[in-house]
Amino acid sequence: EGLAEQAELAIQDDGFSYEGSTGYHRFVTELMTHGTLATLRFPRSWPAAQLLNQPQHWQRICKMFEAAENLQKPNDRSPQFGDHDAGRFLKFHRQMSTTGNEESLNHSHLQSLLQGIVGEEQPNSDLRNNPEFIFPTLGINPKCLKSARSTFPDMNSAEKKNLAAGTWIGQSGPIWAAVRCFNTDPLAPTGHLHDDALTIELCINGQDILADPGTGVYTS
């Protein structure tokens, strides 16, 4: 019950985390998804296992994946709005940069995680080779994933939204631009917000031209 309550509290109607941070949105998406998958391993008699019977809960989680996908740039990086948090709940795969460091602004592993839940209904050879596709659902009876699979739409056919996750997004040919226009939820904590209203991120031909570098500190 607590997991479902927190999902209802923390996920806005557009699927974005109410804390307003792209980094924490990735983190919360993992928390909600892996937490829910854990309940599918419980005996059906346990109260926590009753999340299986709540399609509305899966719909909220689905919206989180949609928000992450809508925010993704052509170069697979996500804009840095709010605190940049490199936290991961379960890390089965790391996207690495050319310098050998983890590319923490690359959230594309979420697509593999989603595909792993949906399974054979949406085969994609690239995503299916990712450990995020395989490991999160190990040990779960496929019948227990039926509720999720019937709730999640075909993400491959989902259209990108111009206004999603507190961001206006526009794309024309090789030019991709995003403008931060997040409305704060009065019930949400503000510790992960930045004074970054109307911040612009610009990507051309897969290269970041304008990108928020962050401050590197927690104090003013």
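Q: Is Phe-27 buried, partly exposed or exposed?
A: In this predicted model, a residue counts as buried under 20% relative accessible area and as exposed over 50%, with partly exposed in between. The relative accessibility of Phe-27 is 23%, and by those cut-offs Phe-27 counts as partly exposed.

Q: Which aromatic residue of helix 2 is separated from Phe-27 by about one helical turn?
A: Phe-27 takes part in an aromatic pair that is edge-to-face, with 6.5 Å centre to centre and 75° between the planes. Its partner is buried, at 13% relative accessibility. The two residues are 3 apart in helix 2, so they are separated by about one helical turn, and the partner is Tyr-24.

Q: How many residues apart in the chain are Phe-16 and Phe-182?
A: The structure holds 4 aromatic pairs, and one of them joins Phe-16 to Phe-182 in an edge-to-face arrangement, 5.9 Å centre to centre and with 80° between the planes. Phe-16 lies in the loop between helix 1 and helix 2, while Phe-182 lies in the loop between strand 3 and strand 4. Both of these residues are buried, and the pair links distant parts of the chain, with a separation of 166 residues.

Q: Which residue forms a salt bridge with Glu-30, and in which loop does that partner lie?
A: The count of salt bridges in the structure comes to 10, and in the one formed by Glu-30 and Arg-88 the closest N and O atoms are 2.6 Å apart. Glu-30 lies in helix 2 and its partner lies elsewhere in the sequence, so the pair ties together parts that are 58 residues apart. Both residues are buried, and the partner of Glu-30, in the loop between helix 3 and helix 4, is Arg-88.

Q: What is the relative accessibility of Glu-132, which meets Arg-88 in a salt bridge?
A: The side chains of Glu-132 and Arg-88 come to 3.1 Å, N to O, in their salt bridge. Glu-132 lies in helix 6 and Arg-88 in the loop between helix 3 and helix 4, so this pair ties together parts that are 44 residues apart in sequence. Arg-88 is buried, with a relative accessible area of 14%, and Glu-132 also counts as buried, at a relative accessibility of 1%.

Q: Which residues are linked with Arg-88 in a network of salt bridges?
A: Arg-88 forms a salt bridge with Glu-30, and the side chain of Arg-88 also meets that of Glu-132 in a salt bridge. The network that contains these residues links Arg-88 with Glu-30, Lys-91, Glu-102 and Glu-132.

Q: Which residue of the salt bridge between Asp-208 and Lys-73 is buried?
A: The side chains of these two residues meet at 3.1 Å, N to O, and the pair links strand 5 with the loop between helix 3 and helix 4, 135 residues apart. Asp-208 is partly exposed, with a relative accessible area of 27%. At 4% relative accessibility, the residue that counts as buried is Lys-73.

Q: Which helices each supply at least two residues of the lining of the largest cavity?
A: The largest cavity holds about 30 Å³ of space, and Thr-22, His-25, Ala-68, Leu-71, Ser-78 and His-107 line it. These lining residues divide into 2 nonpolar, 4 polar and no charged. The helices that each supply at least two of them are helix 2 (22-39) and helix 3 (55-71).

Note on methods
Residues are numbered from 1 along each chain as its sequence is written. This is a predicted model: local features need pLDDT of at least 70, side-chain atom pairs count only at pLDDT 80 or more; totals for chains, interfaces and linings use all residues. Side-chain values use heavy atoms; hydrogens and water are left out. On a 1 Å grid over the protein atoms alone, a cavity is a set of points where a 1.4 Å probe fits but cannot get out, and a pocket is an open set with protein on both sides within 12 Å along at least five of seven lines; lining residues have an atom within 4 Å of a point. Grid points are joined across faces, edges and corners, and a volume is the space filled by probe spheres set on the points. Helices (H or I, at least four residues) and strands (E, at least two) are DSSP runs, numbered from the N terminus. Ala, Val, Leu, Ile, Met, Phe, Trp, Tyr, Cys and Pro count as nonpolar, Asp, Glu, Lys and Arg as charged, and the others, Gly among them, as polar. A salt bridge is a side-chain nitrogen of Lys or Arg within 4 Å of a carboxyl oxygen of Asp or Glu. Buried means under 20% relative accessible area, exposed over 50%, partly exposed in between (1.4 Å probe, protein chains only). Rings of Phe, Tyr and Trp (its six-membered ring) pair if their centres lie within 6.5 Å; planes under 30 degrees apart count as stacked, over 60 as edge-to-face and the rest as tilted.
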